[in-house]
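Work through the exercises below with the sequence and the 3D view open. Each task is followed by a solution in steps.

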Amino acid sequence: MQRQVLSLVDGRSKRVIKKTNRLIEECDIVHYAFSCAEQVENIHEPSTYTEAVVSGDREKWIAAMQEEMRSLDKNGTWDVVSLPKHKKTVRCKWIFKRKEGLDPSEPARFKARLVAKGFSQIPGIDYNDVFSPVVKHSSIRAFFGIVAMHDLELEQLDVKTAFLHGELDKEIYMDQPEGFIVPGKEKFVCKLKRSLYGLKQSPRQWYKRFDSFMIAHGFKRSAYDSCVYIKFVDGSPIYLLF
């Protein structure tokens, strides 16, 4: 009986294993990911102002900081004043980012942003509410469906330094940014008039400013999503997702 079973097993045709490219594709993906990570590691981005001004790309980093300061000045972000008694300042920091071009021949862009160290803010004194709504994924999917169904025009907009448009409702003082201290006013501080990146309430203040602007220009906020606005012009709808 045992010999009969063995003979049946031995006579059975072997299963043919088909080769698949899935493993090869996964290996290629992993290799690509590691190569990208290696490239990112080789790109040095300074973590402090001191590192930026002594690096090999110091001129580009300084130019990036000057551009950021011009933007802050243009928006009237703060006034340089003496610090009132019993008031504390919020510290600030420079954040540096090198953005590679999509094409290898495209030169890299050097970006610098001044951010406030919001973790030093005191609840109830420096800020109250911090919640800011964002558009729902379901609203985005429904919106794309409407665009495809009615053959509508779709545009994407980007607001540069968006948070700077938010107006503060609290009295906040910040140290002068490193490298840009006003001569003769070394002991003075910045009294913030606009929301600055890093502040706890910046997202909420920006949303409130944007919301009031859209309502004032005839848009109606959706009852189902606080970040969807609708307006009819000559019978044609304009949808705006924020």
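**Exercise 1. The largest pocket**

Task: Find which residues lie nearest the centre of the largest pocket, and state which elements contribute to its lining.

Solution. Step 1: The lining of the largest pocket consists of 26 residues, and those nearest the centre are E155, Q156, L157, L240 and L241. Step 2: Two or more lining residues come from each of α5 (137-150), α6 (202-216) and β9 (236-241). Step 3: This is a predicted model, and the total for a lining uses all residues. Step 4: The volume of the largest pocket is about 1000 Å³. Step 5: Sorted by type, its lining has 20 nonpolar, two polar and four charged residues.

**Exercise 2. The second largest pocket**

Task: Describe the second largest pocket by its volume, its central residues and the make-up of its lining.

Solution. Step 1: The space in this pocket is about 490 Å³. Step 2: Its lining counts 21 residues, with E68, K111, R113, K160 and T161 nearest the centre. Step 3: At least two lining residues are supplied by each of α4 (58-74), β3 (92-99) and β4 (109-116). Step 4: α4 gives the largest share, five residues. Step 5: By type, the lining of the second largest pocket splits into eight nonpolar, four polar and nine charged residues.

**Exercise 3. A sheet of four strands**

Task: Give the strand order of the open four-stranded sheet and identify its edge strands.

Solution. Step 1: Read across the sheet, the order is β1-β6-β5-β2, and the pairing is mixed. Step 2: The edges are β1 (78-81) and β2 (89-90), each of which pairs on one side only. Step 3: At the β1 edge, four bridges connect β1 to β6 (residues 189-192), and these two strands run antiparallel. Step 4: To locate one of these bridges, start at V81; its partner in β6 is V189.

**Exercise 4. The whole chain**

Task: Summarise the chain by its helices and strands, its buried share, its contacts and its accessible surface.

Solution. Step 1: Count the elements: six helices and nine strands. Step 2: Of the 242 residues in the chain, 26% are buried, where buried means under 20% relative accessible area. Step 3: Take the contacts with a separation of 6 or more; 67% of them are between residues 24 or more positions apart. Step 4: The accessible surface of the chain is about 17900 Å², and carbon and sulfur atoms account for 55% of this surface.

Key: Residues numbered from 1 in each chain as written. Predicted model: local features only at pLDDT ≥ 70, side-chain atom pairs only at ≥ 80, totals over all residues. Heavy atoms only, no water. Pairing = 2+ DSSP bridges. Buried < 20%, exposed > 50% of the residue type's maximum accessible area, 1.4 Å probe, protein only. Contact = heavy atoms within 4.5 Å. Areas by Shrake-Rupley, 256 points an atom, 1.4 Å probe, with all protein chains shown as cover. 1 Å grid on protein atoms, 1.4 Å probe; cavity = no way out; pocket = protein on both sides within 12 Å on 5 of 7 lines; lining within 4 Å. Points joined across faces, edges and corners; volume = space filled by probe spheres on them. Nonpolar A, V, L, I, M, F, W, Y, C, P; charged D, E, K, R; others polar.
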